[in-house]
Amino acid sequence: MTLHTHADGVPRCAWCAATPTYMAYHDHEWGFPVAEDRRLFEKLCLESFQCGLSWRTILEKRENFRAAFDNFDHEKIARYDEHDVQRLLANPGIVRHRGKIEAIINNARRMSELLEREGSLAAWLWRFEPPRTSSPQMLTETEASRTLSKELRKRGWKFVGPTTIHAFMQAMGLVNDHAEGCALRAKAEAARARFVVPR
């Protein structure tokens with residue numbers, strides 16, 4: 001992965017240079033470990049919406065998605081019906097794709113089932129953390145993302161292919177794929193070292 005040095009003189013992963021929103025996301029969220037179930041569920045939903053699109057498109061609409069989907073409260077989303085699907089399809093602030101909207105509703109119901117069995121989405125997801133490496137992999141999918149994708153699909157989740165799941169794992173800190181030389185790589189790694197994996 002290439003680097004970009006912004007006006008502030010800080011070298012960063014080149015992909016974040018497009019907009020200030022992208023840079024803030026890169027500096028404060030991407031690659032830092034997350035243990036909160038709601039944030040993990042939200043990210044799974046947003047990564048599902050990203051399928052076939054750029055993350056920039058989704059990130060710029062993230063607040064609209066949060067408003068439209070009850071701040072990604074899975075219990076509320078699990079109760080959505082056709083009226084809610086139509087409401088969401090009419091919302092110009094989000095990606096209006098029936099299949100993805102219905103997948104999020106389905107996944108909220110699957111989330112409830114997973115919590116009944118496992119107690120915590122975070123504890124379950126972090127079981128799939130791959131062995132830590134000293135350098136970024138920057139692949140579109142990995143053995144770990146294929147395994148997690150397979151397990152989610154086995155449990156009935158939708159729009160959770162291995163590429164989508166790898167992007168999720170990068171973003172939520174299950175892997176550290178900040179480029180070598182990126183100023184945030186060491187910070188993300190330090191956060192991962194301090195992180196207590198949920199059980």
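This report describes helix packing, the nonpolar core and two loop residues in a predicted model.

## Helix α10 against α9

Helix α9 spans residues 143-154 and helix α10 spans residues 162-171. Their axes come within 8 Å and cross at roughly 115°. Angles of 65 to 115 degrees count as roughly perpendicular, and α9 and α10 are therefore roughly perpendicular to each other. The crossing in which α9 passes α10 is right-handed.

On the α9 side, the contact involves A144, S145, R146, L148, S149, L152 and R153. These residues meet P162, I165, H166 and M169 of α10. By character, the residues of this contact comprise 6 nonpolar, 3 polar and 2 charged.

## Helix α10 against α2

Helix α10 also packs with α2, which covers residues 37-50. The axes of α2 and α10 come within 9 Å, with a crossing angle of roughly 140°. Since angles over 145 degrees are needed for a roughly antiparallel arrangement, α2 and α10 are therefore oblique to each other. The crossing of this pair is right-handed.

From α2, the contributing residues are L40, K43, L44, E47 and S48. Their counterparts in α10 are T164, I165, A167, F168 and A171. The contact of α2 with α10 divides into 6 nonpolar, 2 polar and 2 charged residues. I165 appears in the contact of α10 with α9 and also in the contact of α10 with α2.

## Nonpolar core

In soluble globular proteins, nonpolar side chains tend to be buried together. In this model, the largest nonpolar core contains 56 residues. Within that core, F41, F65, F69 and I77 have the most contacts.

F69 can be followed in detail. Leaving aside neighbours within four places in sequence, F69 is in contact with F49, I77, Y80, L88, I94, I101 and I104. I77 is thus both a contact of F69 and one of the core residues with the most contacts.

## Burial of helix α1

Helix α1 comprises residues 20-28, and its buried residues are Y22, M23, Y25, H26 and D27. The elements that cover these buried residues include β2 (11-13), α2, α3 (55-60), α4 (62-68), α10 and α11 (183-194). Helices α2 and α10, which contact each other, are thus among the elements covering α1.

## Loop between α4 and α5

D70 lies in the loop between α4 and α5 (74-78), and N71 is placed in the loop between α4 and α5 as well. D70 has a positive phi, near 50°, although it is a residue other than glycine. N71, also a residue other than glycine, has a positive phi near 55°.

D70 is partly exposed, with a relative accessible area of 32%. N71 is likewise partly exposed, at a relative accessible area of 39%.

Terms used:
Residues are numbered from 1 along each chain as its sequence is written. This is a predicted model: local features need pLDDT of at least 70, side-chain atom pairs count only at pLDDT 80 or more; totals for chains, interfaces and linings use all residues. Side-chain values use heavy atoms; hydrogens and water are left out. Axes are lines fitted to C-alpha atoms, for helices over the stretch in contact, and angles run from 0 to 180 degrees between N-to-C directions. Helices (H or I, at least four residues) and strands (E, at least two) are DSSP runs, numbered from the N terminus. Angles under 35 degrees count as roughly parallel, over 145 as roughly antiparallel, 65 to 115 as roughly perpendicular and the rest as oblique. A crossing is left-handed if the near helix is turned anticlockwise from the far one by less than a right angle, and right-handed if clockwise. Contact means heavy atoms within 4.5 Å. Ala, Val, Leu, Ile, Met, Phe, Trp, Tyr, Cys and Pro count as nonpolar, Asp, Glu, Lys and Arg as charged, and the others, Gly among them, as polar. A nonpolar core is a set of buried Ala, Val, Leu, Ile, Met, Phe, Trp, Tyr and Cys residues joined through side-chain atoms within 4.5 Å. Buried means under 20% relative accessible area, exposed over 50%, partly exposed in between (1.4 Å probe, protein chains only).
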